[in-house]
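This text is a walk through one structure for someone who has not seen it before. Please keep the sequence and the model at hand while reading.

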Amino acid sequence: LTTIKTSAELRKIGVNVFGMASRKESIILQLKGLASQLGGQRLGAAQVAAALLGQRCWVKWPYLQEAVVEAVSDSGAKVARGAGGQQEARAHGAAEASEWQQERQRIQQEYLNKQGVDCGEVTLLVHVRPCEGLVRQ
């Protein structure tokens, strides 16, 4: 959490604790929006993909697992590496845009209800593949 700006507050959300929703207030961790850290500027999937594709990252907080970034998507397109290693953007159709919105809402609700983390507005999704095995170089 040292790389993401956060704050905490007490809220009555009903966080899942041992299979039951909490009845009292819980400490909710709020993630500060990336746009506020960049001076109000919003980044698109292509800009973020240029920096992240192929990079290793840690996922499944708080029980971290190493993963490799495969693609980055926003409400309009999904950017991934093509066969030649170059970025390829594929625009969402109507059905894919609807699925993207549903996935975004599911992730927001899951983090809020299960981990007590309020992600705020989600404008980008980073698609990863978990690393398996050990490679020595």
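**From a glycine outward**

Glycine 54 follows α2 and has a positive phi, near 85°. The model is a predicted one, and this glycine is a convenient place to start reading it.

Going back into the helix, α2 spans residues 45-52, and Ala45, Val48 and Ala49 are buried in it. These residues lie on the same side of α2, because they cover an arc of only 105° around the axis. The face turned away from that buried side carries Ala50 and Ala51, which are exposed. What do the buried residues of α2 pack against? Their packing partners are β6, β7 and β8, the last of these covering residues 87-91.

Strand β6 has several pairings. With β5, residues 56-59, β6 pairs in the antiparallel sense over four bridges. One position to look at here is cysteine 57, whose bridge partner in β6 is alanine 67. The two strands form a hairpin with five residues between them, and in the turn lysine 60 has a positive phi of about 65°.

β6 is also joined to β10, residues 125-130, by six bridges, and the two run antiparallel. Alanine 71 stands opposite histidine 127 of β10. A further antiparallel pairing, of three bridges, links β6 to β7. Valine 72 has valine 79 in β7 as its bridge partner. The connection from β6 to β7 is a hairpin through three residues.

Aspartate 74 lies in the loop between β6 (65-73) and β7 (77-81). Is aspartate 74 buried or exposed? Its relative accessible area is 19%, and the cut-off for buried is under 20%, so aspartate 74 counts as buried. A polar atom of the aspartate 74 side chain lies 3.0 Å from the backbone nitrogen of glycine 76. Beyond its neighbours within four places in sequence, aspartate 74 is in contact with Gly44, Ala45, His92, Trp100, Thr123 and Leu124. Ala45 was met above as one of the buried residues of α2.

A separate topic is the open sheet of three strands, in the order β1-β4-β9 and with mixed pairing. β1 (6-11) and β9 (117-118) each have a single partner strand and stand at the edges, so one side of each is left without a neighbour in the sheet. β4, residues 26-31, runs parallel to β9, and two bridges join them. Within this pair, glutamine 30 stands opposite aspartate 118 of β9.

Note on methods
Residues are numbered from 1 along each chain as its sequence is written. This is a predicted model: local features need pLDDT of at least 70, side-chain atom pairs count only at pLDDT 80 or more; totals for chains, interfaces and linings use all residues. Side-chain values use heavy atoms; hydrogens and water are left out. Buried means under 20% relative accessible area, exposed over 50%, partly exposed in between (1.4 Å probe, protein chains only). A polar contact is a pair of N or O atoms within 3.5 Å; within protein, one must be able to donate a hydrogen and the other to accept it, and residues adjacent in sequence count only if both atoms are side-chain atoms. Contact means heavy atoms within 4.5 Å. Two strands pair if DSSP finds at least two bridges between them. The arc is that of the directions from the helix axis to the C-beta atoms.
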